Amino acid sequence: MINYSAFLPELFLVMAAILILVVELFLTPTSRRTILSWIAFLGTLAALLSLSCLSGSCPAGCNLGNGTEVAFNGFLKTDGLSLFFKMVILLATLLTLLMTFRYFKTHNTPYPAEFLAILLFSASGATALTSAQEIITLYIALETLTISSYLLASFMKKDKGSNEAGMKYLLLGAFSSALLLFGFSYLYGLTGTTVIAEIAKSLAMQASSPLAVFALILIVGGLAFKISLAPFHMWTPDVYEGAPTPVTAFLSVASKTAGFAAFIRLFWVGLNVPALQPVWVGLFGVLAALSIILGNLEAIPQKNIKRLMGYSSIAQAGYISTGFLAIGPMGLTAVLFYLFVYLFANMGVFLAIVIVSNKTGSEQIEDYAGMWKRSPLIGMVLLVCLLSLAGVPPFAGFSGKWYLFGAAISKGYVWLALVGMSFSVVSLYYYLQVVRQALIVDPKDSSPISISPLEKLVLVACVVITVTLGFWPKPVMDLAQAAASSLF
Amino acid sequence: MLPVLATILAGFAVTFNFFHAASVGPNALPLLTSFIVIPILSAFMILAAPVQWTRWISLFMASMELGIGFKVFFIFQTAVGGFQFVEEVPWLKNFGINYILGVDGMSALMVLLVACVYFAGSLISWNITLRMKEYFILFSLLVGGVAGAYESLDLFFFFLFYEFAVLPMYLLVGIWGTGRKEYAAMKLTLMLLAGSAFMLVGFIAMYFTSGVHTFDIRILGDLAKTGFNTDFQKFWFPLLFLGFGVISAVFPFHTWSPDGYGSAPTAASMLHAGVLKSLGGYSIIRVALPAMPDGAKFWLPLLVTLSLINMLYAAIVALKQKDFKYVIAYSSVSHCGAILFGICTLQVAGLNGAIIQTFSHGIVAAMTFALVGTVYGKAHTRELIKLGGLAAVMPILGGLFVAAAMANVGLPGLSGFVGEFLIFLGAYKSGYHGGFTIFQTLFPIAILAIVMTAIYYLRLVQMVFYGPLKDPHYKDEVRDGTFIEILPIAFLLVVSLVVGLYPKPFVDMSNATIAPLIEHIRGFK
Amino acid sequence: MNSIPVLHFLYLSIILFSIGLFGVLIRKNAISVLMGVELMLNAVNINYLAFAKYWNWNTLTGPVFVVFVITIAAAEAAVALAIIISIYRQMKSTNVDEVHYLRG
Amino acid sequence: MIEYSWLIPTMPALAYAVIILFTRRSKVLSGLISILTMAACLGLSVGILIEVLAKAPADRVISISWSWLEIPPWTAHVGVLIDPLSVNMLLVVTLISLLVQIYSWGYMHGEVRFSSYYSYLSLFTSSMLLLVLSNNFLQIFVGWELVGLCSYLLIGFWYFKPEAADACKKAFVVNRVGDMGFLMGVITIGMVFQTFDFAEVEKMVSTGVANGTFQTGFIAGIALLLFCGAVGKSAQFPLHVWLPDAMEGPTPVSALIHAATMVAAGVFMVARTYSLFLVDQHAMTVVAFIGGFTALFAASIALAQDDIKRILAYSTLSQLGYMIMALGVGGYTSGMFHLTTHACFKALLFLGAGSVIHGVHNQDIWKMGGLWKKMGITAATFVIATLAIAGIFPLAGFWSKDAILAAVYESQIPGHIVLYFAAVFTAFLTAFYMFRLFFVVFTGEPRDHHAHDHAHESPFTMTIPLMILAILSISVGWLNLPGFDAYSKFVYHGEFHEEVFNWTMAWASLLVAIAGIILSALFYYWKVFSAEKTAETFKPIYLLLKNKYYVDEFYGWMVKKFVFGLASICTWFDDNVVDDGMVDGSGWITRKMGSLFSLTQTGYVQNYALVIFGAVAVIYLMVSF
């Protein structure tokens, strides 16, 4: 008897995807595709709601779960941690869907159904990844996520950029997952098991061997690619720029989150052994610093806002890694909280980008001039979300950074915190360039930008959440702590 | 005129009387919280209300703020001392963050200062027309941030409010500024935040090193003996001093200040120069000194030199400025140097002087910037060569400017004198009692600064107001200040006069903070 | 079968992996790059089987993994070819160096 | 009466506030308010005088204090000190101010800013009285600065005149230089003795010196620091340059501030802190010689000036030098006595000059002449004052000046003989240039007929003060008639000791003075000698004197070269090195690095792959080795 509730959200997603594909068969090419959007939306929503049921706090009082669900004799375990990750990912998916509706108004494609389906598939991959307790499962989930996102990235067949993005993402992704697998294979060779907890056990018994280190580094390389940690970050700007904007948004949040989930499972559980731990902790210190520095520096000269966001996301990965260094509940809490904050800030920005580029057809920063006149709301969103990313009070990014660096410093990484803080000043420079265009410069053409009520709602929500979490982080912090406690 | 006065009185009366009954005693009304909330609330009200109400809302709220400011000042029990009206709300237990507000003598003065400048500022901005709503919203938010920074006793919230105040400044300068406004805005923001980067790391380091895992300033202050060993203090004090120093434009990190103030809109430069800038010295006294006295003493030679350079160097540079407002900006830098100098004396008199000077500089700088802004609004230029003889067409403003200049020069009877005098006393004393003898040689140099100040301010008066009327058009075009323009300036002048004529209550208040602090510090090497 | 020690398999897989790597880094044709990746994956497979032999066959872990790898590699290849085709449609070439419009 | 003494400085201050805030519109009201307050002050002062005289000499010192600011254990007070010295000053100040204010009614008639003028006068008097009544160093410094402010405002009263604008700035800054020293002195006192109170400090000094806690040199140092202030305020060499320029202000102001009262504040301050000076003879010597030198120096300059007010200004300098010298040689009483008499006749001279200027609208003495017939009262009073300052028997100047000469002669300080002869020679010069002034202005033929025809006697508001002052200039000296000695019995430092009047010396100086008068008569009345010819013969000396020894030029050069030179250097440094270099430079570098690094994003997919592989390889090598 399989415990379905362990992968209930994934089920919802997959079923929704299949349903979409099936329904699509019955539609004439001319008929409207809104129903598909609804299916996708509801499916994701259902998955999201199922999380609260699984966490044992169902509003309807169903007793589906009590926080931890295990299936496939332990290969798939849905605990508090993975629930939190799933929540972030699903929220990201929801917002991505919203963007998609807007996006396809102008960039129309003959295959909306496929797009939605693939999006849901890759979302399901991401969510599954967060609860994988075993390497094969982890790998499969990962590939489900990435392979579908290759497709998503290159979905606009007529668009050069999209194609190029798809190709680069694919080749490099395949390459890095090859490295990852190679590393896994040696891990298997060293331990004879693929269950992460078992690996930890058997590694703890043996001394550090060059082979183990080799495997470790291969794994770091393969996974760091997914969260675009320097120097494995180089695909990020190109793909972010080329891919359709909703996909960029999805990648920047969902797949990053999944990547971090994988990291935490593998390293904090599997490789957290005396022999190896110092190696990878030090390694991550370097990588984090490198991504913070490179990401922020290279973002400065950018003209295209999506590319800018690409670089910024590299830097953000670096920040999150500083928390990842501090093994322990505090670090984990910080990471989770920051991911949540990052979700809304980033999504807000990308939604704004989609809306604006729908109107102006441009993604150049200087075309954001005079948003304060054309659409004050978007100006507001850019101000709040970007500055939250820069970590300026009173926005959530600030408290997020405070906890991250706090965690890092608590483990003695003062230098890393100093680097991070100094370069968040640099980041402020390029974020403010956008804000400057949006709020200070006068518009070239001051035709107002129309926003649908739903989008208004979401934008406002992003702003409100980002501001409130700056002042009143408690609710989310409690959630994150609960999640973290499931690991320690 | 009448409606304005009515609004002011109404607003003032509301808070001043409302808090009367309840604000003393253990479970008081949240006096301090409301002091932060009012400006932020006014921002939201302005956002919601139709545009023609904007100025009135802002004025009303500012008057309410003024009421609270005076309330705090009056009902603060100097004899009792310590932190009063404390409000404590647990925020994030496991991160040791609590929402703690409270004022001791020093911050009570600062609260009054904030209130006064906010009030004057919202009057000075009366004639803003461009994007009026946004202007007043940002302005109020700025005040909210500053107010919070002066009241919080928790490093997290201190930092949060401080940077919260920096942000609106960027837009205020960028949108409503003059000259190279965007450059200035970016420079100001980046330099201030760069400084604060060190602060943040330092705070967190204190948090973990202290061992008790708290951001409560009161507790951290007492940990100097047990919590922080000398090496820690030696390492972190300079970084904190740097972070705080950038706020109060310590050499060589002062250049944001002339450009920033040079191009900021009047009210913004008033608030920034008058209130936000003073945060630097304030936080050194509040955070750095109590927690790291050894570090302070170790680095004293360097810090003293820096502050002296600030005083003299800025004064000298001010001598050559061609822009009316730049002179004022540099003079404000120079005065902040005096404040730092007073802090570096580590003497009762000197530190009291620093606080009084902080207060006085706040009031006086605000007054001076208000004057410059008003004159600029009438003469449409700030180039000193083009101005001249304006006293003929604007006698009242001219007279007020002379008064402001004298206050800056440190003329007895105005607030400037008290602070400077105490600072020099402290400087001498810390030399005399065999403590830090470098002062005995340095304080004559410090006093030299008052001569320099006199020179450049009188030069300013002469170039702008005295002599024959440079531009004949002014004769019939330029009028003297209107009631609305005069009111805030006169108000600030009166405050400065009161401090100058009867400093006792103010000094008592600051001493309520300083005397224990000195006792605390004296126990160290 | 038992005569061949595990180490030899590992050498083989390393060699294979390197060849694949070489292909990925050097070959200009997108298809060949893809094939390079496939080679690398195959090296992985060899590893797994070798290690599976080294530990014990009964827990099927190694072989199962190999099966999954092959499947996923196939899926990957399918997607890859689709993308490469649509690129070819656009720029009449599959040379990876000609696809560098996104940069800087 | 004494318990109301605090009213004396407060009332004028209130008058100032009232005028500034309310009655600016109405000239009459403002003027009346100001004058009446001053009358009230005078009345109070007289009352206080009577009360003090009633007391026995021992308990004539009353001091009242209120706490001004406290930093335990250390307190600064604001207070009132009534003793003969302050009473003396009170009378001088209130009396002269009253007269000058009455006089100004006529003189400033038709001035647009009449009200502000009177408000400033009130403010000045109030701060002057604050200074005079102060019982501690801090308060005296406060008053000191405030009178400086008023003098700034009043010199620059006609701010639209560029000269006035320059002059007031100069006056303020030069005074500030002196005040620097003063401030240091005050701070040192405050910190060393933990109090500012005169009496306590005096006590501590006397005991401390006795039991050797303080070595005399230290006290002398403090005394000299204080003296810096006096040098600035009383315009002694080398800080004398501001006073002549201060004549740009309205003439009554010059009479009140820059002749009778404020400039005397320096002398008063030295007298007030006398015990500090007495500790060490070197300090006294410095004081004496600076005074003596200034006296001679200024007198010699006065010989070659043409502007009626500037001549008087230099004579003021020289007379102040006299007083300082007197204090320096220990002639406390004589110094203060000369201060008092000088206040009367110098005020008279200035007011007379004012009335002349009022008549002829001109200040150059070579455009005047023969005014005797036109303006009789002015001329008559003027000649009295001239005789008084020349020190002619039995006018006021005679008695005070001779007292000083005697003091110098009998003093113990090294080189007092030199001082004595310098003083005598100064007396001669004084007589000479004062009568030169008188003859040129009032006697002979009118030189500028147009001006002469329009010349007229001033209104009674102006002439009445002149007459009162004339009477005083004659009679004040009699307070100290030999044997009577009312003044020296009243104002003295330490123990009162009888001074026998030295008649021979008196006659000698009288002869010198008369000689001076006759010589100037030969030049400018009978025209036996030709001034022009003499100037030709001694051209270098003449030019030197005419250009005031080029001191102003020297200072101007110094300021230009050093202060502004330094300023331009610093400004350059600030703009280029600190701002463009450090701040913008770091920004520039960051941006450049950004664009540099972004070059690594070549867009070639295989480069990226290579980087990934390379990174893995490098990391592995780094970790394993």
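Colleague: How far apart do the closest C-alpha atoms of chain B and chain C lie?

Modeller: This is a predicted model, and in it the closest C-alpha atoms of chains B and C are 25 Å apart. No contact joins chain B to chain C.

Colleague: Which chains share the most contacts?

Modeller: Chains B and D do, among the 5 pairs of chains in contact. On the B side 41 residues take part, and on the D side 38.

Colleague: Which helices of chain B each supply at least two residues of the side that touches chain D?

Modeller: They are α13 (293–318), α15 (348–379), α17 (415–432), α18 (438–464) and α21 (504–522) of chain B. The largest share comes from α18(B), with 9 residues. By class, the side of chain B that touches chain D comprises 29 nonpolar, 7 polar and 5 charged residues.

Colleague: How many residues does the contact between chain C and chain D take from each chain?

Modeller: That contact takes 10 residues from chain C and 10 from chain D. The side of chain C that touches chain D divides into 6 nonpolar, 2 polar and 2 charged residues.

Colleague: Let us turn to one residue of chain B. Is K297(B) buried or exposed?

Modeller: Burial is read from the count of neighbouring C-beta atoms, and a residue needs 20 or more others within 10 Å to be buried. K297(B) has 19 other C-beta atoms within 10 Å, so it is partly exposed. The residue lies in helix α13 of chain B. Its C-alpha is 9.7 Å from that of F237(B), although K297(B) and F237(B) are 60 residues apart in sequence.

Colleague: How is the packing of two helices to be read?

Modeller: Two packed helices are described by the angle and the distance between their axes. Consider α18 (residues 396–410) and α19 (residues 416–442) of chain D, whose axes come within 8 Å and cross at roughly 160°. With that angle, α18(D) is therefore roughly antiparallel to α19(D). Their crossing is left-handed.

Colleague: Which residues make the contact between α18(D) and α19(D)?

Modeller: From α18(D) come K401(D), I404(D), L405(D), V408(D) and Y409(D). From α19(D) come H416(D), L419(D), Y420(D), A423(D), V424(D) and A427(D). By class, the residues of this contact are 9 nonpolar, 1 polar and 1 charged.

Colleague: What is the corresponding reading for α16(A) and α7(B)?

Modeller: Helix α16 of chain A (residues 396–410) and helix α7 of chain B (residues 181–210) have axes that come within 10 Å and cross at roughly 50°. The angle therefore makes α16(A) oblique to α7(B). The crossing is right-handed. F405(A), G406(A), I409(A) and S410(A) of α16(A) make the contact with V201(B), I204(B), A205(B) and F208(B) of α7(B). These residues comprise 6 nonpolar, 2 polar and no charged.

Colleague: How many residues of α9(A) are buried?

Modeller: The same neighbour count can be applied along a whole element. Helix α9 of chain A (residues 235–242) is mostly covered, with 8 of its 8 residues buried. These are W235(A), T236(A), P237(A), D238(A), V239(A), Y240(A), E241(A) and G242(A).

Colleague: Which helices do the buried residues of α9(A) pack against?

Modeller: In chain A they pack against α5 (135–153), α6 (160–191), α10 (245–270) and α12 (305–325). Helix α27 (605–624) of chain D joins these packing partners.

Colleague: I now come to the strands of chain B. Do β1(B) and β2(B) run parallel or antiparallel?

Modeller: For strands, one reads the bridges, the direction and the connection. Strand β1 of chain B (residues 84–92) is joined to β2(B) by 6 bridges, and the two run antiparallel. Q84(B) stands opposite V103(B) in β2(B). The strands form a hairpin with 4 residues between them, and G96(B) in the turn has a positive phi of about 65°.

Colleague: Why is β2(B) described as largely enclosed by the rest of the structure?

Modeller: Of the 7 residues of β2(B) (residues 97–103), 5 are buried, so the strand is largely enclosed.

Colleague: To finish with a whole chain, how many helices and strands are there in chain D?

Modeller: Chain D has 27 helices and 2 strands. Its C-alpha trace spans about 115 × 65 × 55 Å along the principal axes. Of its 625 residues, 56% count as buried. Among contacts in chain D with a separation of 6 or more, 80% are between residues 24 or more positions apart.

Methods. Residues are numbered from 1 along each chain as its sequence is written. Chains are lettered from A and ligands numbered from 1 in the order in which they are written. This is a predicted model: local features need pLDDT of at least 70, side-chain atom pairs count only at pLDDT 80 or more; totals for chains, interfaces and linings use all residues. Two residues are in contact if their C-beta atoms, placed from the backbone, lie within 7 Å. Ala, Val, Leu, Ile, Met, Phe, Trp, Tyr, Cys and Pro count as nonpolar, Asp, Glu, Lys and Arg as charged, and the others, Gly among them, as polar. Axes are lines fitted to C-alpha atoms, for helices over the stretch in contact, and angles run from 0 to 180 degrees between N-to-C directions. Angles under 35 degrees count as roughly parallel, over 145 as roughly antiparallel, 65 to 115 as roughly perpendicular and the rest as oblique. A crossing is left-handed if the near helix is turned anticlockwise from the far one by less than a right angle, and right-handed if clockwise. A residue is buried if 20 or more other C-beta atoms lie within 10 Å of its own, exposed if 12 or fewer, and partly exposed in between; C-beta atoms are placed from the backbone. Two strands pair if DSSP finds at least two bridges between them.
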